[in-house]
Structure formats: C-alpha cells, structure tokens
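Hi,

Here is the structure I promised to pass on to you. Have a look at it first, and then read on for what I found in it.

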Amino acid sequence: MLAMDADRQEKGKLDVICCIKSSSQVHNDSNASSTPSPSNQQQRSEPGESSMTGKLFKNYYLPFLLSNMGIAFGMIFTLGLLALSIYGITEVNFNARRVK
C-alpha cells in the first residue's frame with residue numbers, strides 16, 4: 001500500500017481523486033538522478049506537505065488530537081465503544097436447539 005502511494009506521489013496525482021494530476025509535482029522524473037543534487041532536494045517536500053489530506057492532518061487533525069479536548073474525546077469515545085461492546089455481548093442469545 002505504501003509503494004502504491006509513493007508511486008502515486010511520483011506521478012503527481014492527487015491523494016483523494018487519483019485520476020487527476022496536480023499542477024505541482026513533488027518529484028520531477030526528468031530531473032531525477034541516483035545522487036541527490038541541491039536542485040532535486042529543493043523540489044522534494046516533506047511527506048504530506050503537498051497533499052490535501054497531509055495539510056488537513058497537519059493543520060487541523062493532529063493539533064485537535066494532541067489538545068486536552070482531543071485526548072478527552074478519544075478516551076470517552078473508546079470507553080463508549082467498550083461499553084457498547086460489553087452490552088452487545090450480554091444481549092447475544094444462542095438458540096442451541098438440535099434439529100433432527
């Protein structure tokens with residue numbers, strides 16, 4: 001999956017709508033070489049900087065998760081799922097009748 005994502009980034013395609021190419025490519029195939037040069041290093045950006053979801057995660061999602069409210073929300077959500085799972089397990093009714 002990571003290899004497919006790296007291939008998508010090299011081809012300059014968007015992460016949400018993969019069939020559309022972005023106007024700015026992270027990697028330029030014509031300037032790619034085996035040894036990194038200063039021009040290649042300037043073209044490459046940090047992972048997630050150029051994609052829409054990367055910007056969304058970096059600017060909104062991660063700060064929310066690391067805030068006190070995000071931590072509290074995560075704990076309440078997890079405990080709620082645990083309580084719902086325990087309730088669901090207790091409500092399971094097995095009809096173990098033998099059919100002849």
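Let me begin with the feature that caught my eye: helix H3 bends by about 40° at lysine 58. Please keep in mind throughout that this is a predicted model.

H3 covers residues 52-66, and at 1.5 Å a residue its 15 residues should span 21 Å; the C-alpha atoms at its ends lie 20 Å apart, which agrees with that expectation. So for H3 you have both a bend of about 40° at lysine 58 and an end-to-end distance that agrees with the expected span.

Glycine 54 is another residue of helix H3. Is glycine 54 buried or exposed? With a relative accessible area of 16%, glycine 54 falls under the 20% cut-off and therefore counts as buried. Its C-alpha atom is 9.1 Å from that of aspartate 15, although glycine 54 and aspartate 15 are 39 residues apart in sequence.

Now for the overall picture. The protein chain has four helices and zero strands, and along the sequence the pattern reads α-α-α-α. How many of its residues are buried? Of the 100 residues in the protein chain, 8% count as buried. The accessible surface of the chain comes to about 9,000 Å², and carbon and sulfur atoms account for 63% of that area. As for contacts, if you take those in the chain with a separation of 6 or more, 18% are between residues 24 or more positions apart.

Next, the aromatic residues. Searching the whole structure turns up three aromatic pairs. One of them joins phenylalanine 64 and phenylalanine 73, with 6.2 Å from centre to centre and 55° between the planes, and this pair is tilted. Another joins phenylalanine 73 and phenylalanine 77; here the centres are 6.2 Å apart and the planes make an angle of 20°, and this pair is stacked. Why are phenylalanine 73 and phenylalanine 77 separated by about one helical turn? The two are four residues apart in helix H4, which runs over residues 68-90, and so about one turn of the helix lies between them. In general, an α-helix has 3.6 residues a turn, so residues three or four places apart point the same way. Taken together, Phe64, Phe73 and Phe77 make up one aromatic cluster. Within that cluster, phenylalanine 64 counts as partly exposed because its relative accessibility is 33%, in between the limits of 20% and 50%.

The charged side chains are worth a look too. How many salt bridges does a search of the whole structure find? There are two. In one, the side chains of aspartate 5 and arginine 8 meet at 2.5 Å, N to O. Aspartate 5 and arginine 8 both sit in helix H1 (residues 2-10), and because they are three residues apart there, about one helical turn separates them. The partners fall into separate classes of accessibility: aspartate 5 is partly exposed at 32%, whereas arginine 8 is buried at 12%.

The other salt bridge brings together the side chains of lysine 11 and aspartate 7, at 3.5 Å, N to O. Lysine 11 is placed in the loop between H1 and helix H2 (38-43). Lysine 11 has a relative accessible area of 42% and is partly exposed, and aspartate 7, at 34%, is partly exposed as well. If you follow the chain on from lysine 11, you will reach lysine 21 ten residues along in sequence, and the C-alpha atoms of the two lysines are 7.8 Å apart in space.

If you open the model, a good place to begin is lysine 58 in H3, where the helix bends, and from there you could go on to the cluster of Phe64, Phe73 and Phe77.

Best wishes

Terms used: Residues are numbered from 1 along each chain as its sequence is written. This is a predicted model: local features need pLDDT of at least 70, side-chain atom pairs count only at pLDDT 80 or more; totals for chains, interfaces and linings use all residues. Side-chain values use heavy atoms; hydrogens and water are left out. The expected span of a helix is 1.5 Å times one less than its number of residues. The bend at a residue is the angle between axes fitted to the seven residues ending there and the seven starting there. Rings of Phe, Tyr and Trp (its six-membered ring) pair if their centres lie within 6.5 Å; planes under 30 degrees apart count as stacked, over 60 as edge-to-face and the rest as tilted. Buried means under 20% relative accessible area, exposed over 50%, partly exposed in between (1.4 Å probe, protein chains only). Contact means heavy atoms within 4.5 Å. Accessible areas come from the Shrake-Rupley method with a 1.4 Å probe; for residues, only the protein chains shown count as cover. A salt bridge is a side-chain nitrogen of Lys or Arg within 4 Å of a carboxyl oxygen of Asp or Glu.
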